[in-house]
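Subject: Structure handover

Dear colleague,

Here is the structure I promised to pass on. Please open it alongside this email.

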Amino acid sequence: MSTASSRETDSTPQRKIPAMCQHQPACPTADSADREAARVVAHHPEQGWSLLCNGVLLFEDTGELLPDGQIIAPHRPLTTARVATAA
């Protein structure tokens, strides 16, 4: 008797996910330095996040979650109220 399984693995090709950015000129990619300049496709201020057309989740604290799972820590600039000046 054969102990091999009768199930065969599916060899379906991977689906290519279409880019969300369909407008011209195209928005910056998720791995570019100016990725936050991409257009907003979904905005949920009650939950504190927006989805950009390059696949980046942008949080209200300026943190980001990139499509590949990389986390970008919040990088909110200092306001003038927090900047100490020398007298």
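Below is what I found in it, starting with confidence and then moving to single residues.

**Confidence**

This is a predicted model. Mean pLDDT for the chain is 78. Of its residues, 67% reach 70 or more. One stretch to set aside is residues 5-9, where the pLDDT is below 50. Beyond near neighbours in sequence, that stretch has 0 contacts in the model. Where pLDDT is low, predicted coordinates should not be read in detail.

**Overall build**

The chain has 0 helices and 5 strands. From the N terminus, the order of elements is β-β-β-β-β. There are 87 residues, and 22% of them are buried. The exposed surface comes to about 7500 Å². Carbon and sulfur atoms supply 56% of that area. Take the contacts between residues at least 6 apart in sequence: 21% of these join residues at least 24 apart.

The largest nonpolar core has 9 residues. Three cysteines belong to it: Cys21, Cys27 and Cys53. The other members are Ala30, Ala38, Leu52, Val56, Leu66 and Ile72. Leucine 52 reaches well beyond its own stretch of sequence, with contacts that include Met20, Arg35, Glu36 and Val41. Ala38, another core member, is also touched by leucine 52.

**The salt bridge**

How many salt bridges does the structure hold? It holds 1. The partners are glutamate 64 and arginine 35, with their closest N and O atoms 2.6 Å apart. Glutamate 64 sits in strand 4 and arginine 35 in the segment before strand 1, so the pair ties together parts that are 29 residues apart in sequence.

Are the two partners buried or exposed? Both are buried. For glutamate 64 the relative accessibility is 2%, and the cut-off for buried is under 20%, so this residue counts as buried. Strand 4 itself covers residues 64-65.

Glutamate 64 has a long contact list, even without residues up to four places away in sequence. Among its contacts are Val56, Leu57, Leu58 and Phe59. Gln70, Ile71 and Ile72 are on the list too. So are Glu36 and His75.

**Glutamate 36**

Glutamate 36 is in the segment before strand 1, which spans 40-44. Its relative accessibility is 39%, so it counts as partly exposed. The side chain of glutamate 36 makes a polar contact of 2.6 Å with that of histidine 75. Setting aside neighbours within four places in sequence, glutamate 36 touches Leu52, Leu58, Glu64 and His75. Leu52 is a member of the largest nonpolar core. Cysteine 53 is 17 residues away from glutamate 36 along the chain, and their C-alpha atoms are separated by 9.9 Å.

**Serine 32**

Serine 32 also belongs to the segment before strand 1. With a relative accessible area of 18%, serine 32 is buried. That value falls on the buried side because the cut-off is under 20%. The side chain of serine 32 makes a polar contact of 3.1 Å with the side chain of aspartate 34.

**Where to look**

I would open the view on glutamate 64 and arginine 35, the salt-bridge pair. From there, go to glutamate 36 and its polar contact with histidine 75. Then turn to serine 32 and aspartate 34.

Best wishes

Conventions
Residues are numbered from 1 along each chain as its sequence is written. This is a predicted model: local features need pLDDT of at least 70, side-chain atom pairs count only at pLDDT 80 or more; totals for chains, interfaces and linings use all residues. Side-chain values use heavy atoms; hydrogens and water are left out. Helices (H or I, at least four residues) and strands (E, at least two) are DSSP runs, numbered from the N terminus. Buried means under 20% relative accessible area, exposed over 50%, partly exposed in between (1.4 Å probe, protein chains only). Contact means heavy atoms within 4.5 Å. Accessible areas come from the Shrake-Rupley method with a 1.4 Å probe; for residues, only the protein chains shown count as cover. A polar contact is a pair of N or O atoms within 3.5 Å; within protein, one must be able to donate a hydrogen and the other to accept it, and residues adjacent in sequence count only if both atoms are side-chain atoms. A nonpolar core is a set of buried Ala, Val, Leu, Ile, Met, Phe, Trp, Tyr and Cys residues joined through side-chain atoms within 4.5 Å. A salt bridge is a side-chain nitrogen of Lys or Arg within 4 Å of a carboxyl oxygen of Asp or Glu. pLDDT is the predictor's confidence in each residue, from 0 to 100.
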